[in-house]
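User: Please take a close look at a single part of this structure and describe how it connects to its surroundings. A formal, connected account would be appreciated.

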Amino acid sequence: MPIAVLTQAIISAISIPTEADNINIYLKDGDFVSISRKELKEKKSTDKLIVYKRDKELFEIKASDIDYIQYESLDTYDKTVDFVKEYNLMVNDLDEHVLNYYNTKRYKKSRTSQTLAVAGWTLAIVANPLFWAVAPIPTTQAIMTMRTANKKYVVGGKEWKEVKRAQKTKVKALKQKAKETQEV
């Protein structure tokens, strides 16, 4: 059982990025550039240039050429919006759909960690002292994840299924759009 608690803690900490996690930069000339968080090079960027690395090559985007920036992921927004706002660029607000999806996802992840934390502490007290070493991991994850979830945007039941389906469709559309811009 300690292995199950530890495995869940590791798995819940891993997230696989999708096209929705990219920063979408819309240029004044009508072009569109989609940059992942990994590609964005904050240290190499200056106050007038945003630098990103793709296929071992550095690319620059002049801040003056950017019309606006659109985020499709709350995780990416949380981690990069402060950097992007330094350029005094217009950052579009997140859609309510995005807020519903990511806050509900965080809330569900936190509830799973809470369940495993309770199981871990119960087993540590009742059965096996080995759980004293493992039980704090899901407890910490549950607390930290619950703090980041805005309960105002948490949905459930049929509404959650609709939000998940809409997010899946949106990710496919973003993937297709990124593929089309790469081909050009």
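Analyst: In this predicted model, Lys 170 and Glu 72 form a salt bridge whose closest N and O atoms are 2.8 Å apart. The pair joins distant parts of the chain, since its two members are 98 residues apart. Lys 170 belongs to helix 6, whereas Glu 72 sits in the loop between strand 5 and helix 2 (74-85). In total, the structure holds four salt bridges.

On the Glu 72 side, the loop is preceded by strand 5 (66-71). Strand 5 is part of an open sheet of three strands, arranged in the order 2-1-5 with antiparallel pairing. Strand 5 and strand 2 (32-35) are the edge strands, and each of them pairs on one side only. Direction ignored, neighbouring strands of this sheet are turned by 20° against each other on average. The partner of strand 5 is strand 1 (residues 23-27), and five bridges connect the two in the antiparallel sense. Within strand 5, Ile 69 stands opposite Ile 25. In general, the strands of a sheet pair through backbone hydrogen bonds.

On the Lys 170 side, helix 6 spans residues 157-183. Helix 6 also supplies eight residues to a patch of positive charge, the largest share of that patch. The patch lies on the surface and gathers Lys 108, Lys 158, Lys 161, Lys 164, Arg 165, Lys 168, Lys 172, Lys 175 and Lys 179. Among them, Lys 179 lies in helix 6. Lys 170 is not a member of this patch, because residues with a salt bridge are excluded from patches and Lys 170 forms one with Glu 72.

Key:
Residues are numbered from 1 along each chain as its sequence is written. This is a predicted model: local features need pLDDT of at least 70, side-chain atom pairs count only at pLDDT 80 or more; totals for chains, interfaces and linings use all residues. Side-chain values use heavy atoms; hydrogens and water are left out. Patches are made of residues with over 30% relative accessible area and no salt bridge: like charges are joined within 9 Å, nonpolar side chains (Val, Leu, Ile, Met, Phe, Trp, Tyr) within 5 Å. Accessible areas come from the Shrake-Rupley method with a 1.4 Å probe; for residues, only the protein chains shown count as cover. A salt bridge is a side-chain nitrogen of Lys or Arg within 4 Å of a carboxyl oxygen of Asp or Glu. Lys and Arg count as positive and Asp and Glu as negative; His and the chain ends are not counted. The place of a charge is taken as NZ of Lys, CZ of Arg, CG of Asp or CD of Glu. Helices (H or I, at least four residues) and strands (E, at least two) are DSSP runs, numbered from the N terminus. Two strands pair if DSSP finds at least two bridges between them. Axes are lines fitted to C-alpha atoms, for helices over the stretch in contact, and angles run from 0 to 180 degrees between N-to-C directions.
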